[in-house]
Amino acid sequence: MALVRIDALHKHFGSNHVLKGIDLDIEEGQVIALIGRSGSGKSTLLRTINGLESFDEGCIEVDGERIHPHETDLRALRQKVGMVFQQFNLFPHLSAGQNVMLATRIVRKMPEAEARELAKAMLLKVGLQDKFDAFPDQLSGGQQQRVAIARALAMQPRVLLCDEITSALDPELVNEVLAVVKDLAAEGMTLIMVTHEMRFAREVGDKLVFMYQGRVHEAGDPREVFANPQTPELAAFIGSIN
Amino acid sequence: MSYVFDFPAVFEHTDALLAGTGRTLALTAIGAVAGIALGIVGAVCRAWRLAPFDRLFAVYVELIRNTPFLVQLFFIFFGLPAIGVQMNEWQAAILAVIINLGAYSTEIIRAGIEATPKGQIEAAQSLALNRLQTFRHVVLPPALLKVWPALCSQVVIVMLGTSVCSQIAAEELTFAANFIQSRNFRAFETYFIVTAIYFLLAIGIRQLMMQIGRRLIARRP
């Protein structure tokens, strides 16, 4: 059974119909790259999967946890779905280690010592074991984003959502973040990424989903989809990037 | 000028000065802790538009910020007994200080809360924090840090303002000054010393509060 099931999902922002019936199944361990022009609904789709956006019709199920339109208590779902943001969103008053420990301490009620060990392990995973006590303003953008990944991983999510996580980085810092994501993919983490890194999507992705005007316009194996786009819209999109 | 200064005439009353200083500090400390706590509650009600409390706090804030502290104090001490609310001078002074600082800090802290970037709240939500946990751990500490200098200034203003509590016979520092100069007739020396004490208290409170902000809220060494 699919780990993430999205059925007939519709969403409106006022009179603007942004998601027009999305059906998408994601298997455990898959890496999904969501691509498309801005306004195509890809970020909105991603944000509905952990309830940061509500939806109007349809259903989302993650690891047996079902959410229906306009549901407000999403904490059970959110424990299964981690998220990394474009702007990192580290908590500025907490050190890197405290950022990683916060949710395990107060949501999972983990004892201090155990949470600390877990946070150290997560920072080690992203290559920042020596930055436990550094504050966000003492870290580069790439380091901050890796702390944000460690923070999401500490909650041991079944799925990790990545919303354009390299778009706010200086070019020379992009690769250190992508390398971490690549390691996660190799370990079998289920990843859903909105990304503009087409080369990365092609190399690491198991499935490419091209969104166009609120619909899944084309989907499939990234290498094939890039080599043989079936629709003129995808062909034009690929052309506009290269 | 033939005036001969006589500062020792003031220092004969060191006990009264120390006692007054201690009471001014105690009044300020209680007022600051409770007033800022009240301000946090008010700021949450205002920022989250929790009806009907948001309206009540809005009225309260306007009422307090647009009337003199001395009149507020007189109303509590001399006015309220008419409707059966009796208080001694210290209870009235403490209540007046809390109510006064609560109003100002509501507005100050609200500004900090409303400046929270949306992404901070989304990050907390994505980590499955509930609304209260998000507020307590993610919204409030940076909000307080942002407005902490303004809060420190307000506490200093309130501390200086407690001098009017001498008017309801609360025996704080200004009361002590009035008492001493009525005994030794050394108005210049007495008020000079007391002015210096207030000045040092103001500097000291500001320094102490900035330290508290850095250590306790930002948790930085």
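**Two chains, a helix pair and some unusual backbone spots**

Glu164(A) is buried, with 20 other C-beta atoms within 10 Å. That count puts Glu164(A) in the buried class because the cut-off for being buried is 20 or more. In this predicted model, Glu164(A) sits in the loop between strand 7 (159-163) and helix 6 (171-186) of chain A. Its backbone is a bit out of the ordinary too: phi of Glu164(A) is near 50°, a positive value in a residue that isn't glycine. For context, most residues other than glycine have a negative phi, and most peptide bonds are trans.

Chain B has a similar story to tell at Phe185(B), which is not a glycine yet has a positive phi of about 55°. Phe185(B) lies in the loop that links helix 8 (173-184) to helix 9 (187-217) of chain B. Here the surroundings are exposed: Phe185(B) has 11 other C-beta atoms within 10 Å, and it counts as exposed because the limit for that class is 12 or fewer. Another backbone oddity in chain B is the cis peptide bond between Ala51(B) and Pro52(B), where omega is about -5°. Pro52(B) belongs to the loop between helix 2 (14-47) and helix 3 of chain B.

As for the overall build, chain B has 9 helices and 0 strands, so its pattern along the sequence is simply α-α-α-α-α-α-α-α-α. Its C-alpha atoms fill a box of roughly 75 × 50 × 30 Å along the principal axes. Of the 221 residues in chain B, 40% are buried. Among contacts in chain B with a separation of 6 or more, 77% link residues 24 or more positions apart.

One helix pair gives a closer look at the packing. Helix 3 (residues 53-65) and helix 5 (residues 89-114) of chain B have axes that come within 9 Å and cross at roughly 115°, and the crossing is left-handed. On the helix 3 side, the residues that meet helix 5 of chain B are Phe57(B), Tyr60(B), Val61(B), Ile64(B) and Arg65(B). Their partners in helix 5 include Ile99(B), Ala103(B) and Glu107(B). Sorted by class, this contact holds 7 nonpolar, 2 polar and 2 charged residues.

The two chains also touch each other, with 18 residues from chain A and 19 residues from chain B taking part. On the chain A side, helix 2 (75-78), strand 6 (81-84) and helix 3 (96-106) each give two or more residues. Helix 3 of chain A supplies the largest share of that side, 3 residues. By class, the chain A side has 10 nonpolar, 6 polar and 2 charged residues.

Methods: Residues are numbered from 1 along each chain as its sequence is written. Chains are lettered from A and ligands numbered from 1 in the order in which they are written. This is a predicted model: local features need pLDDT of at least 70, side-chain atom pairs count only at pLDDT 80 or more; totals for chains, interfaces and linings use all residues. Helices (H or I, at least four residues) and strands (E, at least two) are DSSP runs, numbered from the N terminus. Two residues are in contact if their C-beta atoms, placed from the backbone, lie within 7 Å. Axes are lines fitted to C-alpha atoms, for helices over the stretch in contact, and angles run from 0 to 180 degrees between N-to-C directions. A crossing is left-handed if the near helix is turned anticlockwise from the far one by less than a right angle, and right-handed if clockwise. Ala, Val, Leu, Ile, Met, Phe, Trp, Tyr, Cys and Pro count as nonpolar, Asp, Glu, Lys and Arg as charged, and the others, Gly among them, as polar.
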